[in-house]
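The following paragraphs lead through a structure step by step, moving from helix packing to the chain as a whole and then to single residues. Please keep the model in view while reading.

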Amino acid sequence: MSQSLMIVLDFLFRLAALLFLMRFLLQASRADFYNPVSQAVVKATDTICKPLRLAIKPFRNLDLASVLVAWLISVGSVYAFTLLQYGSAPSVFPALWAGMIKTLLVLMQFYKWTIIIMVVASFVAQGSYHPALQLLQQILEPIMAPVRKVLPTLGPLDLSPMVVLLAIILIEDILMRSYF
């Protein structure tokens, strides 16, 4: 199979998993439900998550059905790529483990790029309001706030994005080593 097609398929699987992880993060961070981006994510995922939520009840503000769907999408991608590359299906437990690692990698990459976007936006578009930036800020706040409490203040300079970004890169490295 063409390498280009494999890249496109990988992108589509990751995007689908990210969509459901976004729904999970929106509820976990208690982001603004009326934000247009939030509404789009909820609409896109509702047809699958709504029936699942009847069987898998949310735990506090954590939508476990969304995480399950994201994980199943990642497991499906592991199966698809193993079949395409080697012509045989992988074993069940290694595929489930690889799907979990892949889901966590998608989540880490989302956080990494979100932090980079927010840092650049803080320099370029200071004080402006955009629904997507507001939503990203709300999603990042639960992981940034504890670091801000620990780090000393340096006036207007906020070092917490660098510390969180470094932690995310280290977690990604550990996950990549356990995946391959």
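In this predicted model, a good place to begin is the pair formed by helix α1, residues 3-28, and helix α4, residues 92-124, whose axes come within 10 Å and cross at roughly 75 degrees. Since angles of 65 to 115 degrees count as roughly perpendicular, α1 and α4 are therefore roughly perpendicular to each other. On the α1 side the contact involves Asp10, Arg14, Leu18, Leu21, Met22 and Leu25, and these residues meet Lys102, Thr103, Val106, Leu107, Gln109, Phe110 and Tyr111 of α4. Sorted by class, the residues in this contact of α1 with α4 are eight nonpolar, two polar and three charged.

Within this contact, Leu107, a residue of helix α4, can be followed individually. Its relative accessibility is 15%, and because buried means under 20%, Leu107 counts as buried. If residues up to four places away in sequence are set aside, Leu107 touches Leu21 and Leu25, both of which belong to the α1 side of the contact. Leu107 and Met22 are separated by 85 residues in sequence, while their C-alpha atoms lie 8.8 Å apart in space.

Helix α1 also packs with helix α3, residues 64-86, at an angle of about 170 degrees and with the two axes 7 Å apart. Angles over 145 degrees count as roughly antiparallel, and α1 and α3 are therefore roughly antiparallel to each other. From α1 the contact draws on Met6, Leu9, Asp10, Phe13, Ala16, Ala17, Phe20, Leu21, Arg23 and Phe24, whereas α3 provides Ser66, Val67, Val69, Ala70, Ile73, Ser74, Gly76, Ser77, Ala80, Phe81, Leu84 and Gln85. In terms of class, the contact of α1 with α3 has 15 nonpolar, five polar and two charged residues. Asp10 and Leu21 appear in the contact of α1 with α3 and are also listed in the contact of α1 with α4.

These helix pairs belong to a chain with six helices and zero strands, so that its pattern, read along the sequence, is α-α-α-α-α-α. The C-alpha trace spans about 60 × 35 × 30 Å along its principal axes. Of the 180 residues, 33% count as buried, and the chain exposes about 11,000 Å², of which carbon and sulfur atoms supply 72%. Among contacts in the chain with a separation of 6 or more, 66% are accounted for by residues 24 or more positions apart.

The loop between α1 and α2 holds two residues that can be set side by side, Asn35 and Arg30. Asn35 has a relative accessibility of 3% and therefore counts as buried. The side chain of Asn35 reaches the backbone nitrogen of Val37 at 2.9 Å, and, apart from residues up to four places away in sequence, Asn35 touches Pro131, Gln134 and Leu135.

Arg30, by contrast, is exposed, with a relative accessible area of 65%. The phi of Arg30 is near 55 degrees, a positive value in a residue other than glycine. Most residues other than glycine have a negative phi.

Terms used: Residues numbered from 1 in each chain as written. Predicted model: local features only at pLDDT ≥ 70, side-chain atom pairs only at ≥ 80, totals over all residues. Heavy atoms only, no water. Axes fitted to C-alpha atoms, helices over the stretch in contact; angles between N-to-C directions. Helix = DSSP H or I, 4+ residues; strand = E, 2+ residues; numbered from the N terminus. Parallel < 35°, antiparallel > 145°, perpendicular 65-115°, else oblique. Contact = heavy atoms within 4.5 Å. Nonpolar A, V, L, I, M, F, W, Y, C, P; charged D, E, K, R; others polar. Buried < 20%, exposed > 50% of the residue type's maximum accessible area, 1.4 Å probe, protein only. Areas by Shrake-Rupley, 256 points an atom, 1.4 Å probe, with all protein chains shown as cover. Polar contact = N/O pair within 3.5 Å; in protein donor to acceptor, adjacent residues only side chain to side chain.
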